[in-house]
Structures are given as C-alpha cells and as structure tokens.
Amino acid sequence: MANVEAIRILVGVIGNVISFFLFTSPIPTFVKIIKQKSVGEFKSDPYIATLLNCAMWSFYGMPIVHPDSLLVITINGTGFCIELVYIAIFFTYSSGKNRRNIIIALLVEATLFAIVVFITLHFFHSTKDRSMIIGLLSIVFNIIMYASPLTVMKMVIKTQSVKYMPIALSLANFCNGIVWLIYALLKFDPYILIPNGLGTISGLVQLTLYGTYYQTTKWDEQDEKPKSDVQLSNV
C-alpha cells in the first residue's frame, strides 16, 4: 500500500510538471501582445474559462472536500495564478469594451464560485458528498473547455493542414491526460479519471491528425492563424 502511495505521488509530481508546461504554453502569445501593446484579435475567453476551472479543481483538492489531493491543489493553484497574470495582461492592453466584458466575466465567475463553495460547505457535510458535487461540476467545466481544441481539430481536417496545431503541445496534452489517468487509477478517483480519459482521447486524436495531415501541410503559406486556440490542462 505504501509503495502504491509513493508511485501515486511520483506520478502526481510528473503530472504537475507536464500541466505546468501546458499552462505556460501561451507565453509567446502574451509576449507578442505586450510588444504590440494590443490584444489584436486574440480572445481572453479561454483564459477566463481556465481560471474558473483551476479554482474548482483547487477547491476539489482541499482536505475538507477531497483528502489526500495535495498535488491537485499545487498545480491548479499555480495555474490559477498564471491565468490571473494572463487576464491582467489582456485587461491592460484591451479596449474599454473588452475591459468591461472581462470585468463582467470575472464577477460572474467569482459569484458562481462563491455560491458553489457556500452550498458545498453548508449543505454537504461529508467529504464523499462534497467530492461528488465538486467533482461533477469540475468534469462539466472540463468538457466545456474541450471546445477550444475541438475548434482547432476541425480546422485541421477542413484545411488538411497542421500548421497551427503544434506537435509539442499535442504530445504534451496526450501525456498530461495519460499521467493524470494513471494518478486517478492508483487511488480510484472517478472525478479525475473521467476528464483525463477524455483528455487522453483528445490528445490521441490530435496526434493522429498530425500524422495524417503532416504531408499535406503547406508550411510556407500565409494563412490566418486561429486566435483563441489554447491547450488546457485537465487537472
């Protein structure tokens, strides 16, 4: 049993490293925004969505909700801070209208999160029940967030080009799903298992598309790059 727990911790640490890479993958986008002093056509929606997702998983990992989940807290707490920095940059270089939209979205998320926390702590009194309600909500948010890579995969199939689906991020997405899938199986946790099972499938599909359309990709063409694609950590 001790060996299983040690392996689980090791797998969780590896998962933290891979997830951190995924969280930091948009940095070149923000360097470009800062240099141009404008967000251009880039969208803040994926980062605002990821912020709430990280908040939910951080809450899920707390001892009062789901004991023995410290590594879930560490990576999602880190991700939460990273997303805050991204959103702050977006806010700084956005127009007045976009700033209002960001503020409204953050207020809605904060209100929703506060309601979820209040209901969970006041109406669910066991960690089993709390894990269930927060786990189910987190799964729903994860599934919603898969809309972003699905958009990119649709573009790949339509254009028969993988120019704007980096192989490194697709591979990292696949490895991230696999690692957290193993983590969930070592001490069975269906709420981590389900989204990362879907994440593994998503990553595998991306890698398959890359292998399928690599030869037909015209690397020198100046076509429009999708502005809102972002690789998201599942846990």
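User: Which residues does UniProt place under the feature "transmembrane region"?
Analyst: The model is predicted: local features need pLDDT of at least 70, side-chain atom pairs count only at pLDDT 80 or more, and totals for chains, interfaces and linings use all residues. Residues are numbered from 1 along each chain as its sequence is written, and side-chain values use heavy atoms, without hydrogens and water. The unreviewed UniProt entry places the feature at residues 6-25, 71-91, 103-125, 131-152, 164-186 and 192-213.

User: How many Å apart are the end C-alpha atoms of residues 71-91?
Analyst: Helices here are DSSP runs (H or I, at least four residues). Residues 71-91 are 100% helix and 0% strand. Their end C-alpha atoms are separated by 30 Å.

User: Are T29, F30 and I33 of helix α2 buried or exposed?
Analyst: These residues cover an arc of only 90° around the axis, by the directions from the helix axis to the C-beta atoms, so they lie on the same side of α2. On the other side, P28 and K35 are exposed (over 50% relative accessible area, 1.4 Å probe, protein chains only). With buried meaning under 20%, T29, F30 and I33 are buried.

User: Why does I143 count as partly exposed?
Analyst: I143 is found in helix α6 (residues 127-145). Partly exposed means between the buried limit of 20% and the exposed limit of 50%. I143 falls in this class because its relative accessibility is 43%.

Conventions. Helices (H or I, at least four residues) and strands (E, at least two) are DSSP runs, numbered from the N terminus. UniProt positions are given in the numbering used here, feature names are shortened, and annotations may be inferred rather than shown by experiment.
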